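Trainee: I'd like to learn how to read a model like this one. Can you walk me through it?

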Amino acid sequence: MKYLDEYRDPRLAATLLEAIGRAQTRPWVIMEVCGGQTHSIVKHGLDQLLPAGIELVHGPGCPVCVTSLEMMDKAHAIARRPEVIFCSFGDMLRVPGSGGDLFGLRAQGADVRIVYSPLDCLALARQHPEREVVFFAIGFETTAPANAMLVERAQREGLGNVSVLVSHVLVPPAMANILQSPANRVQAFLGPGHVCAVMGYREYEPIAARFRVPIVIAGFEPLDLLEATLRAVRQLEAGQAQVDNAYARILGREGNPAARALVQRVFETCDRKWRGVGEIAQSGYRLRGEYRAHDAERKFEVAAIATREPEVCISGQILTGIQKPQDCPAFGGACTPLHPLGATMVSAEGACAAYYAYGRHLPAAAGRPAESGGRSADEGPWGPPVGAR
Amino acid sequence: MEELTSLLQASCPAPRPERERIVLGHGAGGKLTAQLLEELFLPAFRNPALEQRGDQAVVGWPGGGRLALSTDSFVVTPIFFPGGDIGSLAVHGTVNDLAMGGARPLWLTAAFILEEGLAQEELRRVVGSMAEAARAAGVEIVTGDTKVVNRGKGDGVFITTAGVGWVPAGVELGPERVRPGDQILLSGTVGDHGLAILSQREGLGFEEAIVSDSAALGPLVEAMLEAGGGGVRCLRDPTRGGVATALCELAERAGVGMRVEQEAIPVREAVASACELLGIDPLFAANEGKLVAVVAAEAAERVLAAMRRQRLGAEGRRIGEVVEGRAGLVTLGTGLGGTRVLDRPWHEPLPRIC
C-alpha cells in the first residue's frame with residue numbers, strides 16, 4: 001500500500017536494527033510516549049527484535065486509559081438522562097466507570113452514539129432541537145482542534161443544545177512528571193508524533209534541557225519507530241540531550257499554527273487528574289469562560305462526583321514506565337479487556353490491553369517466536385508460503 | 001490467587017461492565033458470543049449433534065446416508081451494499097455453512113420479520129436477489145414464514161434461513177481429524193465483506209469501491225474434495241470475527257496449535273487502506289465468500305491447485321500449518337520477523353454485518 005508498505009519494509013527494518021546494535025555499547029531505557037506507538041511495537045514484535053540492551057517502556061499517551069474514573073462517572077451520569085444524546089468516540093464505550101460501561105448503559109436504554117468526528121454533533125443538534133447533544137471531548141493535543149471547532153461552531157450557530165464534557169490532557173506536563181519521580185527509569189523518549197503535528201516540538205526543548213534527556217519525535221510505523229530509536233541511542237551514547245525530529249515527513253517545529261490558534265481561542269490550561277497517576281498541575285484543557293454555556297459539567301451539575309480506584313491495579317506504575325504489564329498479579333487473570341480493573345487494560349492503545357491482545361499472557365508469545373512441533377511454516381514441503389516476500 | 005480475589009472484592013469499587021443485559025458484543029462472534037452459547041444454549045438444548053458445534057449439524061438418516069442442517073439469521077444494515085444485499089447474503093450464509101460440512105445444499109426455508117412501513121419495492125428487490133442466489137447455488141427455497149412488527153420494533157427486514165443438505169458417503173470433515181503438520185489454506189483476500197459494509201454505512205468514499213465477497217462456496221468445496229479426498233480434514237468459513245477467530249476456534253476444537261504468516265494472507269489494497277483508517281485488523285474482519293481449509297501435507301499442493309482453478313479460489317494461498325503445542329494457541333509471524341498471538345476478540349468492532 002502506498003505510503004504504508006514502505007514503512008514496514010523488512011529489509012530496511014533489518015538494516016536499522018543492525019545500526020542500533022552497532023551504535024549501542026550500554027543498556028538504555030527508552031519510553032515511547034504514545035499508546036499508538038506501544039500498539040505498533042507490540043503488534044509488529046519490535047521489542048522482540050531490538051538488541052537485548054535496549055528496553056522500551058510504555059508511556060502515558062493513551063487518552064482513553066488516563067481519563068479519570070470521576071470523569072467516566074460524570075459521563076455516565078449525563079448519558080443516563082433521558083433528554084441527552086451522548087456522543088463519543090467508540091473506544092470510550094468500553095471504559096468501565098464505577099457502575100458499568102456505556103455499552104451497558106445503552107443496553108439499558110440510554111441514547112449513546114458513536115461518532116467519527118465531533119462535528120457530527122452539530123447535525124444531530126440541528127435534527128433534534130428538543131434534545132441535548134453532549135460530546136465526550138477526550139484526548140491529547142491531537143484531538144483538541146476538532147473538539148475546539150465543535151464548540152466554536154456551536155457557539156457561532158447558536159446551537160444552545162450542544163455541550164462538551166472536556167477531559168483533555170497534555171503531554172509535556174506528563175513527561176516532566178515522569179522525569180521528576182524518584183523511581184524514574186526513563187533515559188530517553190520517543191516523542192508523540194501526532195501531538196507534535198498539531199503543537200510542534202518547541203515546548204519539548206526546555207524538558208530535554210532541564211532533565212538532560214534526548215527526545216526524538218517519532219511516527220507510528222515500524223520504520224519510524226526504529227529510526228527514532230536509533231537516533232535516541234546515538235544521542236544517549238554521545239551524552240547529548242536534544243529534541244530531534246524523526247517524523248519530518250509529517251511535521252515541523254511550529255506544528256500547525258491554525259490548529260494551535262483555534263485551540264488557544266477555545267481552551268485554557270487547568271490542573272487535571274490522570275487515571276492511575278493522580279493530579280498533574282496544568283496538564284489539561286478546560287473551556288474558556290466565554291464558552292461556558294457549552295460546558296456539560298456545568299449544564300448537568302455533575303462536578304461533585306468522586307470515586308476510588310481498585311487498589312490492586314498498578315496502572316500508574318505502568319503509565320510511568322516503572323513496571324510492565326506482566327509484573328501485575330491481576331494481569332490476564334482477574335484483569336482482562338472484558339473485566340478491566342484499571343486504566344491500561346481498557347483501551348486498545350493501553351499497554352496492558354496491547355500485551356493482552358497480542359497474547360503476551362500466553363506461554364508461547366513471551367520473547368522469541370513460538371516453538372513449533374513440526375516444520376516451521378517457512379520450510380513447508382514446497383518452499384515459502386505463496387505470496388511471502 | 002484466592003487472596004487476590006478477596007482483595008479485589010474488598011477494595012474494588014466494582015468497575016465491572018454491566019453484563020446483566022444483552023449487549024451488541026453478544027452477537028459479535030467473539031468471546032461474549034461463545035459465553036452465551038456455553039452458558040445458556042448448549043446446556044438448555046444438549047444433544048450429540050449440537051455438541052459437534054460446527055457451522056452445521058450432521059445427523060444420521062434412517063434411510064441411510066447423512067443429512068446436514070444449519071440455520072442463520074441476517075440483520076445486516078444497510079440491507080443493500082456493494083456486492084450484495086440481505087437477501088443474497090441470507091442464501092449464501094446458510095449454504096456455505098452446509099458446504100463447510102461437505103454437504104450439497106438441497107433445500108432452504110426462509111422466515112421474514114418485516115417492519116411496518118418497509119417499502120414493498122425494497123422487499124421485492126431483496127426477494128428477487130434471494131431467488132437468483134438460490135438458483136445459482138442450486139438450492140430451492142421450499143417453505144417460509146412472514147411476520148410484521150410495529151414500526152420501530154424492527155429495522156426494515158430481518159431474514160432467517162435454515163438449510164438441509166446431503167453429505168455424500170466418504171466425506172468426513174471435522175476438527176477431530178486435524179493433525180500437527182497439516183497445512184492451512186485460505187481461498188482468497190480477507191476483510192472484503194466487513195469493510196464493504198462499514199464503508200457503505202459510514203459513507204466513506206474510497207477511490208476504489210470495496211465490494212463484499214458474498215458468494216456460494218459449494219462448487220469450490222466440491223473441487224477441493226475431489227482433488228484432496230480424505231486429505232481435506234476440515235473447512236471453516238471465516239465470517240464474523242474473521243480469519244483470526246475461525247483459526248482460534250478450529251485450533252481449540254482440534255486441540256492443536258497453529259502458526260500462520262502475516263505476509264501470506266492476502267488483503268486487497270482498498271481494504272487494507274480502509275482498515276488502517278478505521279483502526280481495524282483485517283484478520284478480524286468478516287468474509288462471506290471465503291474458506292479456510294486444513295489439509296494433510298501430502299494433499300495440500302493438489303488441493304491448492306484445484307482451488308486456484310475455481311473462480312472463488314483463484315487467489316488461494318497456503319498461509320501456515322498446524323503445530324503441536326498448547327491447544328487453541330494461534331501464533332502469527334509478523335512481516336518483520338516478530339511473533340504475536342492471535343486471540344479471539346471479546347467484542348467485534350462492526351455490529352450487524354450479517
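Mentor: Happy to. Start with an inventory: chain B has ten helices and 14 strands. Keep in mind that this is a predicted model.

Trainee: How does the radius of gyration of chain B fit with a compact globule?

Mentor: You compare the value with what the chain length would give. With 354 residues, a compact globule would come out near 20 Å, and chain B has 21 Å, so the two agree. If you prefer a box, the C-alpha atoms of chain B fill roughly 60 × 55 × 50 Å along the principal axes.

Trainee: And what share of chain B is buried?

Mentor: Of its 354 residues, 53% count as buried. Then look at who touches whom: taking the contacts in chain B with a separation of 6 or more, 83% are between residues 24 or more positions apart.

Trainee: Which domains is chain B divided into?

Mentor: Domain 1 covers 55–167 and domain 2 covers 175–342. The C-alpha centres of these two domains of chain B lie 24 Å apart. Their contact takes 23 residues from domain 1 of chain B and 22 residues from domain 2 of chain B.

Trainee: Which elements supply the domain 1 side of that contact in chain B?

Mentor: Helix H4 (86–99), strand S5 (104–115) and helix H5 (120–137) of chain B each supply at least two residues. H4(B) gives the largest share of that side, seven residues. By character, the residues on the domain 1 side in chain B divide into twelve nonpolar, nine polar and two charged.

Trainee: Let's switch to chain A. How do I read a single helix?

Mentor: Check length, cover and what comes next. Helix H12 (residues 222–238) of chain A has 17 residues and reaches 24 Å from its first C-alpha to its last, close to the 24 Å expected at 1.5 Å a residue. H12(A) is mostly covered, with 13 of its 17 residues buried. After H12(A) comes Gly239(A), whose phi is positive, near 70 degrees.

Trainee: Now one residue: why does Ala154(A) count as buried?

Mentor: You count C-beta neighbours, and 20 or more within 10 Å makes a residue buried. Ala154(A) has 25 inside 10 Å, so it counts as buried. Its place is in helix H8 (residues 144–156) of chain A.

Trainee: What is Ala154(A) in contact with, leaving aside neighbours within four places in sequence?

Mentor: Leu122(A), Leu159(A), Val162(A) and His294(A). Compare sequence with space, too: Ala154(A) and Arg292(A) are 138 residues apart in sequence, with 12 Å from C-alpha to C-alpha.

How values were computed. Residues are numbered from 1 along each chain as its sequence is written. Chains are lettered from A and ligands numbered from 1 in the order in which they are written. This is a predicted model: local features need pLDDT of at least 70, side-chain atom pairs count only at pLDDT 80 or more; totals for chains, interfaces and linings use all residues. Domain bounds come from an automatic or database domain assignment. Two residues are in contact if their C-beta atoms, placed from the backbone, lie within 7 Å. Helices (H or I, at least four residues) and strands (E, at least two) are DSSP runs, numbered from the N terminus. Ala, Val, Leu, Ile, Met, Phe, Trp, Tyr, Cys and Pro count as nonpolar, Asp, Glu, Lys and Arg as charged, and the others, Gly among them, as polar. A residue is buried if 20 or more other C-beta atoms lie within 10 Å of its own, exposed if 12 or fewer, and partly exposed in between; C-beta atoms are placed from the backbone. The expected span of a helix is 1.5 Å times one less than its number of residues. The radius of gyration is taken over C-alpha atoms; the globule rule is 2.2 Å times the number of residues to the power 0.38.
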